[in-house]
Amino acid sequence: MAKKLEDYMEWPRIEDLAYAEIKDPSQILGARKLRERILITGFFPDAKKVMVKPKGTKQRGTTMTQMDESGYFAAFLNVKEVPEYSFSVEYEDRKELVPDVYEADFFMDVMDGVAFGEGKWSEAYKKLGAHFGTLQGVEGVYFDVWAPNARGVSVVGDFNGWDPKVNQMKPTKFGVYELFVPGIKEGDLYKFDIYGADGKRVLKSDPYALEMEMGDHHASVVTREKEVIWKDGAWMKKREKADPLKSPMVVLEVHPESFIQEGKDQTFKELGKELVQYCKEIGYTHVEFMPLLQHNEEDAFGYNAISAFALNQELGNREDFRKMVDLLHQNEIGVILDWDASHFAKNEEGLGRFDGSCLYESEDERRSACPYYDSYYYDYGKPEVCSFKLSNAAYWLKEFHIDGLRLPFVHAMLYLDYNKSDGEWMANIYGGTENLEAEAFLKDLNSMVKEIPGTFTVAEETSAWPMVTEDVEEGGLGFTFKWNNGFVKDYVNYIQTDPLFRKGKHGELTFSMVYHYSEHFILSFSHNEFLRGSMYQKMPGTAEQKMAGLRLTYGYMMMHPGKKLIFTGQDFGEEVEPDFVKGPDRDLLTNSYTAISTEGKIVQIKSRNRLLFDYMRELIHFYKDHPALYEKDYEIEGFQWVSMLDADHSVIAFVRKSEQEKLLVVCNFTPVCYEKFVLGVDFNGKIKEILNSDNVRFGGNGKDNPRMRATKKEKWDGYERSVTFTLAPFGVQVFEIIES
C-alpha cells in the first residue's frame with residue numbers, strides 16, 4: 001500500500017520548527033528523493049496557499065497540503081529526479097514566487113570554511129554577515145553567522161515581522177549558519193534570533209554587519225556596497241614606495257565627535273574639510289582617529305565598541321567616510337585608525353555568550369574578564385576569532401585605503417595577569433603569565449598587514465615586552481611602530497618640576513635615549529596625558545613662561561629621534577583640560593588684542609595661543625625640511641650626544657645626522673639666558689642658527705645668534721674644541737654645522 005504524505009511527517013521535528021528550536025531545518029524542508037517520486041516540503045507561516053512550480057515546464061504546478069497549522073506544507077511530485085522549482089506562496093495580502101532556499105548551495109563554500117577554521121582568513125567579511133545575491137534569478141540577501149553551539153538560529157527583521165519562525169537558518173559543517181532570504185531591501189533592519197546552547201533565546205546583532213542603527217537597540221542594517229571611485233591614486237602610488245621608518249611623521253590625534261567646530265554638522269564630510277584646512281596649515285603628515293565605531297553613548301571615547309565593522313552613524317555612512325579618507329589623501333595627509341583587538345563590550349546583543357556559550361571570549365572568567373573596561377577579552381585560542389579580527393583589519397586597510405592601525409591596550413592582550421589580583425587570572429600551559437595565543441595572533445596580524453603595500457601598525461604597549469617592532473621572522477611581534485609612553489611619563493614629570501629643582505631630575509630628561517634603539521618609537525603626547533589637565537597647565541611659572549615651556553617641549557620632541565604625535569588643542573596651548581564634548585577651543589587662534597605701540601599707533605597683537613600655533617607650524621615644516629631629523633630615527637649613527645650631564649645648567653645638546661646634513665640641537669630648561677655659553681664640540685668649523693624657539697615672532701625674548709659662530713681650539717668638557725654662543729631661556733636652538 002502506497003504511503004501517504006502523513007506517513008512521511010516527522011512530527012517532533014515539525015514541532016521544533018514551529019517553535020524555531022530546530023538545529024537544522026533543512027533536514028525536514030526542501031526536496032527528498034523517494035523510490036518513484038519526490039517529496040517537497042516547505043514552511044510558510046500565515047500562508048493561505050502554496051504551490052510547487054517546476055521550472056522550464058508549462059505545468060501549472062502542484063498544490064501543497066498544509067500538514068500543520070504552524071505553516072508546514074508538503075506535496076508529492078510524480079518525477080524520478082528533483083527538478084529545479086520554486087514556491088508560489090499566497091498570503092492574505094500578497095502573492096510571492098520564491099526559490100526553495102533550503103535546496104540552495106551554500107554561499108560560504110568548503111574552502112571558505114577551511115580557511116575560517118584555520119584562523120588566518122583575512123576575507124571572512126566578504127562571506128559572513130549580510131550580502132546581496134541572487135538565487136534562481138531572484139534577488140535577496142545571504143545571511144551567514146558563526147554560532148556553532150546554538151540549538152537553532154533564525155534571521156529576523158523588518159522583512160518578516162521579527163518572527164523567528166519565518167527564516168530559520170541551516171548549519172554548515174564548519175559552525176556557520178546560513179540562509180538566503182529573498183526580497184530584502186537595502187536599509188532593512190535585522191538581528192539573529194539565537195536559541196542558545198544554554199536553552200535561552202537572545203537577539204544578537206550581526207558581528208560582521210557593515211552598518212548599525214542609531215539608538216539603544218543596535219540592530220544591524222542590510223547595506224549594499226557602492227561602486228567606489230577613488231581619486232587618491234598619486235598618494236597610494238607614493239605610499240607603496242615610501243619607507244615609514246625613514247619618512248617624516250607628525251600625527252594629529254583627533255577625537256572625531258568633538259573636533260568639528262560648534263555650529264557645524266558633525267559629519268565625516270565636515271570633519272574632512274576641517275581637518276584638511278587645519279593639517280595643511282600647520283603641516284601634519286597624518287591624522288589618527290580615536291575610535292570611529294558604533295559604541296554606547298556613555299562611552300565617551302568609543303574604546304568599548306559594540307561593533308567591529310559598523311561606523312558611528314552619527315558621523316555618517318561608509319561612503320561618507322571613504323570620501324573623507326580620499327580627500328585627506330588627495331591633500332597628502334595619511335590616515336591612522338585606533339583599532340582595538342583586545343576586548344569587546346558586554347552588551348546583551350553583542351558578542352558575549354553569542355550562541356549560548358562563551359564563543360568570542362574564553363569559557364574561564366579568569367581569561368575572559370577585562371576589569372579595566374568591564375568588558376570581555378577576545379579568546380585568540382579559537383581560530384575563528386582570529387579570522388574575525390584579521391578580516392576586520394583587512395577590511396579597513398583594503399576597502400577604505402587606511403594607512404595605519406594603532407592598537408591600544410596591547411599590554412593587556414599580552415599578559416594574562418594584567419590588572420588582575422592573585423586568583424583572578426589563569427596561567428598559560430607552561431605556567432607563565434604570557435598570553436601565547438594573543439601573541440601568535442599579533443604576529444599573524446602584522447604579517448598580514450605587511451602584505452598590503454604601504455600600510456603599518458602601531459602598538460600601545462607599556463609593559464616593556466621585548467621586540468615589539470622586530471620582524472616576526474626574527475622572533476618579534478612585527479609592529480612597525482610603538483608608542484613611547486616612557487618618554488612621555490618621564491618628560492612630563494621633569495617639565496612639571498620647578499626649574500630650580502630640575503637638576504635633581506636631569507636623568508628623566510635624557511633616559512629615553514638609553515633604550516631608544518630597542519624599538520621603533522613614536523613620541524606620543526596623546527589624549528591619555530591630558531585627562532587631568534592640558535600641557536599648558538602642566539607647565540610651571542607665569543603665562544609667558546608656560547608658553548615658553550611649551551615651545552621648548554615641542555621643540556625638544558621634534559628634535560628627539562622617533563616619530564611624533566600630538567593631541568588636538570595641545571598644539572596651540574589650550575589652557576584648560578580638554579573637553580571631549582565641545583572639543584578644542586579654536587577661537588583662541590583668532591583672538592587678538594589692541595595695544596599702543598611705542599610710536600603711539602594702535603596695533604593688533606596676536607594672542608599667545610596664535611603665536612604658539614605659528615611656532616608649531618614653523619617647527620613642523622622645519623622638521624619635514626631636514627632629513628637629519630627623521631631619516632635615521634632608528635639608526636645609532638643618526639644621533640650623537642654632545643652634552644648630556646650638564647644638570648647644573650639643565651642643558652642638553654646633541655647632533656642629528658643624515659647623509660646630507662648635521663644639525664646641532666641645544667635645549668635650555670631654565671629661565672636663565674646665558675649670553676656667552678660655552679659648549680665643547682668634536683668638529684672644526686662654524687655653526688649657523690636656523691631655528692630658535694625664543695624668537696619674538698613666537699612670543700619669545702629674541703635671545704638669538706644672528707651671526708655664525710666659529711669653533712675654537714679650546715678644550716671644554718673633554719672635547720678638543722668648543723664654541724661660544726647665546727643660549728636662550730626656556731629655549732631650543734638648532735644650528736647647522738658647517739665643517740671646515
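## Exercises on cavities, backbone and strands

The structure holds seven cavities of 30 Å³ or more, where a cavity is a set of points, on a 1 Å grid over the protein atoms alone, at which a 1.4 Å probe fits but cannot get out. The model is predicted, so that local features need pLDDT of at least 70 and side-chain atom pairs count only at pLDDT 80 or more, while totals for chains, interfaces and linings use all residues. Residues are numbered from 1 along each chain as its sequence is written, and side-chain values use heavy atoms, with hydrogens and water left out.

**Exercise 1.** Describe the largest cavity by its volume and its lining.

*Solution.* Begin with the volume, which is the space filled by probe spheres set on the grid points, these being joined across faces, edges and corners; for the largest cavity it comes to about 290 Å³. Next take the lining, whose residues have an atom within 4 Å of a point: there are 25 of them, and A305, I306, S307, A308 and Y378 are the closest to the centre. Then assign elements, using DSSP runs numbered from the N terminus, with helices (H or I) of at least four residues and strands (E) of at least two. Two or more lining residues come from each of β20 (343–344) and α8 (383–399), and α8 gives the largest share, three residues. Finally, sort by residue type, counting Ala, Val, Leu, Ile, Met, Phe, Trp, Tyr, Cys and Pro as nonpolar, Asp, Glu, Lys and Arg as charged, and the others, Gly among them, as polar; the lining then divides into 14 nonpolar, six polar and five charged residues.

**Exercise 2.** Repeat the description for the second largest cavity.

*Solution.* The volume of the second largest cavity is about 180 Å³. Its lining has 17 residues, of which R367, Y377, Y378, L416 and N435 are the closest to its centre. The elements that each give two or more residues to this lining are α7 (365–368), α9 (410–414) and α10 (436–450). By type, the lining splits into eight nonpolar, four polar and five charged residues.

**Exercise 3.** Place R353 and F730 in the chain, and decide whether each is buried, partly exposed or exposed.

*Solution.* As background, most residues other than glycine have a negative phi. R353, however, has a positive phi, near 45 degrees, and is found in the loop between β20 and α7. For F730, phi is likewise positive and near 45 degrees, and the residue lies in the loop between β36 (721–727) and β37 (731–739). The last step applies the cut-offs for relative accessible area, with a 1.4 Å probe and protein chains only: buried is under 20%, exposed is over 50%, and partly exposed is in between. R353 counts as partly exposed because its relative accessibility is 38%, whereas F730 counts as buried because its value is 9%.

**Exercise 4.** Work out the order of the four-stranded open sheet and identify its edge strands.

*Solution.* Two strands pair if DSSP finds at least two bridges between them. Following the pairs gives the order β9-β10-β13-β12, with antiparallel pairing. The edge strands, each pairing on one side only, are β9 (129–135) and β12 (170–171). Inside the sheet, β10 (residues 138–146) and β13 (residues 176–182) pair in the antiparallel sense over seven bridges, and G140 has P182 in β13 as its bridge partner.

Terms used
1 Å grid on protein atoms, 1.4 Å probe; cavity = no way out; pocket = protein on both sides within 12 Å on 5 of 7 lines; lining within 4 Å.
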